[in-house]
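The exercises below go with the sequence and structure shown here, and each task is followed by a solution that goes step by step.

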Amino acid sequence: MRPDDMLEYVLSSFRSDWRRAFMSSLGIIIGVISIVALLSVGQGLYGGVSEQFGDMDMDLISVRPGSEMVMGPGPGSRPVLSSAEPAEFDHKDVKIVENVLGVDAVYPLKTARALLSFRGDNSSVNIVGISPENHDDMKDSVARGRFLTGSDYKAAVVSSDVAENSFRMKISPGNQIRVYSADKSRYMDLKVVGVLEEDEDPSYASNDGIYVSHRAMKEFLDSENYYYDSIIVRARDSAEVEVVAEKVEKALSRTHRNEAYSVEAMTTIFESVLEVLNMIKYALAGIGSISLVVGAIGISNVMMLTVKERTHEIGVMKAIGATTWDVRALYLLDAGMLGLVSSLVGILLGTLVSNFVGSVAMLPMEVTAQSVALGLLFGVSITTVAGIYPANKAAVLDPIEALRGE
Amino acid sequence: MALVEISNLEKSYRVGETDVPVLKGIDLEIDEGEFVALMGPSGCGKSTLMNILGCLDRPSRGRILLKGQDLGHLSDRDLARIRREEIGFVFQNFNLIGRISNLKNVELPMTLKETAKNLRRDRAMELLESVGLGHRLDYSPSNLSGGERQRVAIARALANDPSIILADEPTGNLDERSTSDIMDIMRELNGEGRTIVMVTHDIETTRCCNRVIWMRDGTIQEDAS
Ligand SMILES: Nc1ncnc2c1ncn2[C@@H]1O[C@H](COP(=O)(O)OP(=O)(O)O)[C@@H](O)[C@H]1O
Ligand SMILES: [Mg+2]
């Protein structure tokens with residue numbers, strides 16, 4: 001039998017029995033939908049996160065006391081004994097780091113939770129102590145008012161988020177605010193001197209904070225020992241950031257020999273997150289494949305039923321001269337065509353689903369050529385493989401027996 | 001050389017532990033152009049003989065030659081080719097495919113032989129016209145009467161211009177009127193020189209045959225020209 005005649009025969013059998021064709025394709029359609037949708041959800045997640053990290057400064061290095069490493073050991077992180085005491089960083093360490101070759105700026109930070117009170121409203125915020133004179137980079141990031149200076153004492157700069165969204169009234173430069181410690185045992189009145197632009201943040205960590213000088217922070221916390229809880233270091237050249245991180249680590253190790261701390265380039269953290277996301281993406285595709293396999297078992301079952309129903313027809317075909325191979329090829333083509341059509345439908349629906357998920361989750365969804373190709377490849381090959389057993393059953397039917405079965 | 005040469009042909013079926021003999025030594029020659037009626041009581045092995053002759057089944061022992069070719073030693077693939085090109089089978093229950101048109105049914109043996117599309121279409125139309133169904137080309141066999149169905153089946157059997165027509169009780173399911181229609185066609189075909197072997201229970205239908213073979217219990221009892 002010629003291929004075009006086989007195709008015509010298969011298509012005519014779909015037409016005369018579209019319900020069977022639909023039922024058997026359902027599993028494959030769902031499988032392909034999940035592959036395409038899940039792959040692009042994964043891709044979207046990946047894209048969304050890299051977009052967010054894209055804003056991040058790639059030339060930053062984070063120095064933290066304590067032995068927890070954010071993303072496991074990487075270049076620049078320092079393996080320490082768990083018994084080691086967390087390092088205590090103060091202004092001397094800032095001086096040390098400032099003198100490391102390749103360091104552009106150093107931002108020592110001290111963060112605490114606080115309750116911010118403004119015109120009778122309260123809101124929980126991060127209060128961050130900073131060294132204003134080090135923040136040359138923030139001068140142009142102020143929307144209203146000005147940034148802190150070295151001589152400011154009980155003055156604060158407020159992030160855009162806190163100023164615009166946290167209270168009934170917007171906070172403006174010149175306003176008085178009051179901050180309470182987390183246990184409300186102390187408070188401090190501050191004068192707002194500036195409001196930052198959106199997404200600007202001198203702590204490079206969260207943008208829902210208010211920022212004060214270390215002098216004010218020390219008084220607010222009222223503690224004997226005032227140590228920084230992180231030191232952010234800016235490298236002069238972002239390509240050199242990991243080398244600089246190593247140098248910073250080395251410089252600090254001289255005075256903090258047996259203490260626990262970590263020095264990590266932000267890019268290292270970013271790379272580990274992307275790696276995890278990549279894994280998630282393929283895990284999702286794996287789930288899609290499982291549903292395809294289940295779909296394939298469904299197709300195999302429906303085809304077994306078809307072969308049973310068509311026993312007489314197969315007997316007729318063989319009696320008038322169809323070879324074993326003719327029959328086998330016909331039913332493999334039947335499966336392959338089912339796979340092709342269901343994969344195309346699945347890709348179409350999968351695209352719709354992922355666009356819908358994308359608009360709801362506000363992720364940049366992307367149905368890539370790769371996921372379409374994977375959907376098509378898996379859909380067609382798995383159905384064809386599922387067709388092998390039923391096609392063989394049909395091919396080896398004994399014509400006399402088959403003809404008797406009417 | 002005779003068209004069909006059968007010598008000492010035996011066939012037994014295995015039922016459980018035992019071999020049940022069905023054909024017990026058949027010797028038979030059929031020449032080109034003969035119209036042979038095969039008669040005998042039910043269960044005597046007529047269909048079994050027809051199936052072996054039609055390459056649907058294989059002999060257990062003995063020899064069967066069609067145009068000098070030993071059917072006992074052919075591969076499945078070659079047997080299929082002989083069914084397709086040398087044999088025209090007509091069954092009691094028609095064995096047409098209900099979900100495709102009469103035209104497609106008659107085309108099917110030619111489709112399997114990979115005949116060009118327009119050639120097989122023309123020939124199928126011609127054949128259906130010759131059995132008086134030129135106006136039923138696009139009907140499905142399931143919308144036809146039994147007699148009409150058997151005429152479609154005969155047209156299909158002729159599609160690849162076979163060497164022999166094997167008809168196993170072709171009128172067994174038909175009324176008198178249709179039976180005489182079918183027998184008219186058979187006689188006409190034989191008149192054109194076609195070799196026909198027909199199993200029948202109806203002595204009336206043997207009138208146009210030039211030879212009647214009686215079988216009994218797996219052997220040939222009488223062979224009368
Ligand atoms: N596949 C088979 N297995 C076992 N016995 C069979 C088989 N086919 C036919 N027979 C037996 O062989 C005998 C002859 O059958 P058949 O050739 O169909 O008879 P007829 O056509 O003359 O009525 C019967 O007894 C039947 O039961
Ligand atoms: Mg019989």
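**Exercise 1.** Which element gives the most to the shell around ligand 1, and with how many residues?

*Solution.* This is a predicted model in which local features need pLDDT of at least 70 and side-chain atom pairs count only at pLDDT 80 or more, whereas totals for chains, interfaces and linings use all residues. Residues are numbered from 1 along each chain as its sequence is written, chains are lettered from A and ligands numbered from 1 in the order in which they are written, and side-chain values use heavy atoms, with hydrogens and water left out.

Begin with the elements, where helices (H or I, at least four residues) and strands (E, at least two) are DSSP runs numbered from the N terminus. Strand E1 (4-15) and helix H1 (46-53) of chain B each supply at least two residues of the shell, and H1(B) gives the most, with three residues.

**Exercise 2.** Determine why the site of ligand 1 is shared between chains, and describe its polar contacts.

*Solution.* First list the surroundings, a residue being near if one of its heavy atoms lies within 4 Å: they include A:Arg404, B:Tyr13, B:Lys46 and B:Thr48. Because residues from chains A and B surround ligand 1, the site is shared between them.

Next look for polar contacts, which are pairs of N or O atoms within 3.5 Å; within protein, one must be able to donate a hydrogen and the other to accept it, and residues adjacent in sequence count only if both atoms are side-chain atoms. Oxygen atoms of ligand 1 lie 2.7 Å from a polar backbone atom of B:Gly43, 3.0 Å from a backbone N or O atom of B:Gly45, and 2.6 Å from a side-chain N or O atom of B:Thr48.

**Exercise 3.** Describe the interface between chain A and chain B.

*Solution.* Start with its extent: the contact (heavy atoms within 4.5 Å) takes 25 residues from chain A and 25 residues from chain B.

Then count the salt bridges, each a side-chain nitrogen of Lys or Arg within 4 Å of a carboxyl oxygen of Asp or Glu: there are six between chain A and chain B. In the salt bridge of A:Glu8 with B:Lys117, the closest N and O atoms are 3.8 Å apart.

Finally, ten residue pairs are in polar contact across the interface, both residues being at pLDDT 80 or more. On the side of chain A that touches chain B, helix H1 (3-16), helix H8 (311-319) and helix H11 (399-404) give two or more residues, and H1(A) gives the most, with seven residues.
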